[in-house]
Amino acid sequence: MQSILPGFLVSISLIAAIGAQNAMVLRHGIARSHVAAVAVFCIVSDAILMSAGTAGFGAALQANPRVLTAVTLLGVAFLLAYGAMSLRSAWKSLPARATAPASSQSKATDGDPQEGEGLSAKGTVARTLPGAIAGVAAVTWLNPHAYLDTVVLVGSVAASYGEQRWWFTLGAIMASAVWFSTLAAGARTFSRRLARPRTWTIIDALTGLVMIGIAVKLLVGLA
């Protein structure tokens, strides 16, 4: 437990921030579309990346400053692009929400999510399982920042635990499993409330600001 608990806490602090994976799980949960499969994919992906970091890939990246810088810059580019897309989505939803008839607003809050209302509509997520997996795979495996968090950061901290490093990694993986399972279940359970256009405007705006903030922090770290 002396190694598992720190691993759990370090991992949950990284995962809990609003990010691409969390937004993807929320979208599928609200749309009630393959949310369990998306959550499991996130958990398995984190387990693979964290294990790779503990196995030594994180140390190898840190030992090669040029590669680490390249990965960081790719992460910055990804975060800025994703953040800009989220802010654009939040901005575009403002006029639609402001001009929407009162009757349609009440339907969005009292009944099931309607097509075209906010980001809850099923048209905003892949309806097929392969499409859903492809979407979450893109924001997981094509996001260099995910490698920095899991492979480099978790792997580096795990290495400091010596022979107990795999117990630390187990705690980190457990945190991922708990977080994404809870997020998926919560999004599905409270889908009607979360489906409100105003809620998703706020989520998109926060996502964009957090992504851009992380990108700036990474750039400052390179300076």
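Two residues are in contact when heavy atoms of theirs lie within 4.5 Å. Keep that in mind for the close-ups below, which all come from a predicted model.

**Figure 1. Isoleucine 173 meets a faraway stretch of the chain.**
Isoleucine 173 sits in helix α8, which covers residues 165–189. Leaving aside residues up to four places away in sequence, isoleucine 173 is in contact with Ala47, Met50 and Ser51. Take alanine 47: along the chain, isoleucine 173 and alanine 47 are 126 residues apart, yet their C-alpha atoms are separated by just 5.5 Å.

**Figure 2. The whole protein, before we zoom in further.**
What is this protein built from? There are 10 helices and zero strands. Read from the N terminus, the elements go α-α-α-α-α-α-α-α-α-α. The protein has 223 residues, and 39% of them count as buried. Now look at the contacts between residues with a separation of 6 or more: 85% of these join residues 24 or more positions apart. As for the outside, the protein exposes about 11300 Å², and carbon and sulfur atoms supply 69% of that area.

**Figure 3. Helix α7 and its cap.**
Helix α7 runs over residues 144–159. How far should its 16 residues span? At 1.5 Å a residue, the answer is 22 Å, and the end C-alpha atoms are 21 Å apart, so the two values agree. At the N-terminal end, asparagine 143 acts as a cap: one of its side-chain oxygens lies 3.0 Å from the backbone nitrogen of histidine 145. Plenty of α7 residues are buried, among them Pro144, His145, Leu148, Val151, Val154 and Ala158.

**Figure 4. Threonine 150, tucked into α7.**
Stay with helix α7 and find threonine 150. Is threonine 150 buried or exposed? Its relative accessibility is 7%, and the cut-off for buried is under 20%, so threonine 150 counts as buried. The side chain of threonine 150 reaches the backbone oxygen of alanine 146 at 2.6 Å. Setting aside residues up to four places away in sequence, threonine 150 touches Asp46, Leu49, Met50 and Gly155. Met50 should ring a bell, as isoleucine 173 touches Met50 too.

**Figure 5. A salt bridge between two helices.**
How many salt bridges turn up in a search of the whole structure? The search finds one. Its partners are arginine 27 and aspartate 204, and their closest N and O atoms are 3.3 Å apart. This pair ties together distant parts of the chain: arginine 27 belongs to helix α2 and aspartate 204 to helix α10 (residues 197–222), with their positions 177 residues apart. Side chains of opposite charge can pair when their charged atoms come close. Both arginine 27 and aspartate 204 are buried.

**Figure 6. Proline 197 in helix α10.**
Helix α10 is also home to proline 197. With a relative accessible area of 14%, proline 197 is buried. Its C-alpha atom and that of leucine 94 are separated by 8.8 Å, although the two residues are 103 residues apart along the chain.

**Figure 7. The loop between α2 and α3.**
Two residues to look for here are arginine 32 and histidine 34. The loop joins α2 (20–31) to α3 (35–63). Arginine 32 has a phi near 55 degrees, a positive value in a residue other than glycine. Histidine 34 isn't a glycine either, and its phi is positive at about 55 degrees. Arginine 32 is partly exposed, with a relative accessible area of 44%. Histidine 34 is partly exposed as well, at 30%.

**Figure 8. Histidine 34 and its partners.**
Which residues does histidine 34 touch, not counting those up to four places away in sequence? They are Ala126, Arg127, Thr128, Leu129 and Ala132. Zoom in on leucine 129: its backbone nitrogen lies 3.4 Å from a polar atom of the histidine 34 side chain. The C-alpha atoms of histidine 34 and arginine 127 are separated by 7.9 Å, while the residues are 93 apart along the chain.

**Figure 9. A nonpolar patch at the surface.**
Met1, Leu5 and Leu9 make a nonpolar surface patch of about 340 Å². Methionine 1 lies in the segment before α1 (4–15). Methionine 1 is exposed, with a relative accessible area of 70%.

Definitions and conventions:
Residues are numbered from 1 along each chain as its sequence is written. This is a predicted model: local features need pLDDT of at least 70, side-chain atom pairs count only at pLDDT 80 or more; totals for chains, interfaces and linings use all residues. Side-chain values use heavy atoms; hydrogens and water are left out. Helices (H or I, at least four residues) and strands (E, at least two) are DSSP runs, numbered from the N terminus. Buried means under 20% relative accessible area, exposed over 50%, partly exposed in between (1.4 Å probe, protein chains only). A polar contact is a pair of N or O atoms within 3.5 Å; within protein, one must be able to donate a hydrogen and the other to accept it, and residues adjacent in sequence count only if both atoms are side-chain atoms. Patches are made of residues with over 30% relative accessible area and no salt bridge: like charges are joined within 9 Å, nonpolar side chains (Val, Leu, Ile, Met, Phe, Trp, Tyr) within 5 Å. Accessible areas come from the Shrake-Rupley method with a 1.4 Å probe; for residues, only the protein chains shown count as cover. A salt bridge is a side-chain nitrogen of Lys or Arg within 4 Å of a carboxyl oxygen of Asp or Glu. The expected span of a helix is 1.5 Å times one less than its number of residues.
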